[in-house]
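Please work through the exercises below with the structure open beside you. Each one sets a task and is followed by a solution in steps.

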Amino acid sequence: MSGEVERSRCLRGCVGGLGCRLMPICRSPLIPLLALLAIGGCHKVQDTGPIDASVIGPAIGTPRAAIDGEPVDAPAATLITATGQGLVRFDATGQIVPGLAARWAVSDGGRSLLFRLPDLPPPGRAPIEAGAVARRLRAAIAPDSRNPLKPLLGAIDEVTAVTPQVIDVELRSPRPNMLQLFAQAALAMGGGRLGPFTILATHDGTATLRALPNPDADPDDGDAARAADVRLRGEPASRAVARFVAGRSALALGGSFADLPIARAAALPSGALRFDPVKGLFGFAFVDTGTGFTADADGRRALAMAIDRDRIAQLFGVPNWTPSPAIVAPGTPEVAAPAMPAWAAMPLDARRGVAAQIVARQSGTPTVRVAMPPGPAARMLFALIADDWRRIGVRAIAVAPGDPADLRLVDAVAPADVASFYLRAFACDQHVPCTTVSDQVLIAARFAPTLAERAVLLTQADALITQNTPFIALGPPIRWSLVAADLDLYRDSPRGIHPLNELRSPLKR
């Protein structure tokens, strides 16, 4: 690609008159790779044999280590849910279907969940008893647990193996969508032959997964109903995209906003770039430093008001991505109408005028440090917000994720449609600006005896937290995948989870 073509592409990517000087990708060492991707795309469709799949993130390790650790990254979560599963799991469309449990029932007004394991394990699967599952769940809610879902499991009072096949989960108070939490990788049972695949071999960071018999298939179909084997690897976005473009993989999962320009720069087949309609937290969380411009709620509000969210939407260019200043996603149970900041209806120029007046009361030019992840779109996003804040008299400095900062970018998909995921992220124990009043309301909501009372309290907490401005919400997270045309069972998922056994029809093997 000539320098002139490169420059024209860069100019087309500039947003809102910023110019290429603020678009670091246009000076990035990624340019030679992007040029290669742009001219080298000729994806080969292969509708038989194993499926080569990349997941963007760290190299794949063992599923057991990932289950027991604190964070569960995308490649590890994919391997966990391929070789193990929880009591329930998500299907390709994000709906709850049986996992280890063959069936379940909810009783006592939503306070009791009874799961029944099959009397005999499905063909090819390892046997498992209720006692082992109960111990796994109790470990996740234990006081010393590091499980990432623990903050959302506070309603669980007791987990008991009633019989070798029955697990009883008793809740202190009813909760909506608890099954969505039980389907997450962080609560999966790992080990051999508990999920739809078993690990056949590992070599050079690639796990070869052998599909086990489909328990729902007609026994007369034999191996014809078995899912395709999968060669799974974790790798950076640049390698995953290059591998897909070269026709050496059929699937790339786990893309986020930060690496989206790498996919956009590639010569992809029509319809290969797919987006999941996920919900969650995407924006900037303030760090409770106790000093400086962001220690005061007015200063935090000034920064939130000054951001041009429509320009950010233009930068991303993701279909149906709608910017929003609300913390809680629309459609979340328990909070019927998420709280909006008082300034949300004001025109941008008016908001910036108010924000500039707040900044003008400071002595000198305020400086804020913003911790950003790596990736070309992260640099673009920072350029936009730095320009927004410059217009009201604030200087922004980008720092690495682990460095001292006044704000940190948050990019997290909600594991379930629960309001507590959003609101507990801004409780006082999360080291963000908070108030004791909102914390007390959150605690009261946890122990509310009915869903109606809980909804009232969570709605109050949402309003209090929004007023305090611990977070600058931009909109929903962005999750993308590259999907070959022969993966006819792949579906865009509101959970951002894609079962490897639901990618290609068995008949196509």
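The exercises that follow concern a predicted model, and they treat two sheets and one pair of helices.

**Exercise 1.** Determine in which order the strands of the open four-stranded sheet lie, and which of them stand at its edges.

*Solution.* Begin with the order of the strands, which is 4-5-7-6, with antiparallel pairing. Next, look at the two ends of that order: strand 4 (103–107) and strand 6 (156–163) each have a single partner strand, so one side of each is left without a neighbour in the sheet. Neighbouring strands of this sheet are turned against each other by 15 degrees on average, when direction is ignored. Then take one pair in detail: strand 6 and strand 7 (residues 166–171) run antiparallel and are joined by six bridges, and within this pairing Thr160 stands opposite Asp168 of strand 7. Finally, add the helix that packs on this sheet, helix 5 (residues 130–141), which touches strand 6 and strand 7 and whose direction makes about 170 degrees with that of strand 6.

**Exercise 2.** Describe the open sheet of seven strands, and find which helices lie on or across its strands.

*Solution.* The strand order is 8-9-10-1-11-18-12, and the pairing is mixed. At the edges stand strand 8 (197–203) and strand 12 (273–276), each with a single partner strand, so each has one side without a neighbour in the sheet. From one strand to the next, the twist averages 25 degrees. Within the sheet, strand 1 (residues 51–56) pairs with strand 10 (residues 230–235) in the parallel sense over six bridges, and Ile51 has Val230 in strand 10 as its bridge partner. Helix 4 (residues 74–83) packs on the sheet, where it touches strand 1, strand 8, strand 9 (206–211) and strand 10, and its direction makes about 135 degrees with that of strand 1. Helix 7 (residues 237–245), in turn, lies across strand 1, strand 10, strand 11 (251–256) and strand 18 (479–483), and runs at about 145 degrees to strand 10.

**Exercise 3.** Decide whether helix 9 and helix 11 are roughly parallel or antiparallel, and name residues that make their contact.

*Solution.* The axes of helix 9 (residues 297–306) and helix 11 (residues 348–360) come within 8 Å and cross at roughly 150 degrees. Angles over 145 degrees count as roughly antiparallel, and the two helices are therefore roughly antiparallel to each other. Helix 9 passes helix 11 in a left-handed crossing. The residues in contact include Asp298, Ala302 and Met305 of helix 9, and Arg351, Val354 and Ile358 of helix 11. Sorted by class, this contact has seven nonpolar, one polar and three charged residues.

How values were computed
Residues are numbered from 1 along each chain as its sequence is written. This is a predicted model: local features need pLDDT of at least 70, side-chain atom pairs count only at pLDDT 80 or more; totals for chains, interfaces and linings use all residues. Side-chain values use heavy atoms; hydrogens and water are left out. Axes are lines fitted to C-alpha atoms, for helices over the stretch in contact, and angles run from 0 to 180 degrees between N-to-C directions. Angles under 35 degrees count as roughly parallel, over 145 as roughly antiparallel, 65 to 115 as roughly perpendicular and the rest as oblique. A crossing is left-handed if the near helix is turned anticlockwise from the far one by less than a right angle, and right-handed if clockwise. Contact means heavy atoms within 4.5 Å. Ala, Val, Leu, Ile, Met, Phe, Trp, Tyr, Cys and Pro count as nonpolar, Asp, Glu, Lys and Arg as charged, and the others, Gly among them, as polar. Two strands pair if DSSP finds at least two bridges between them.
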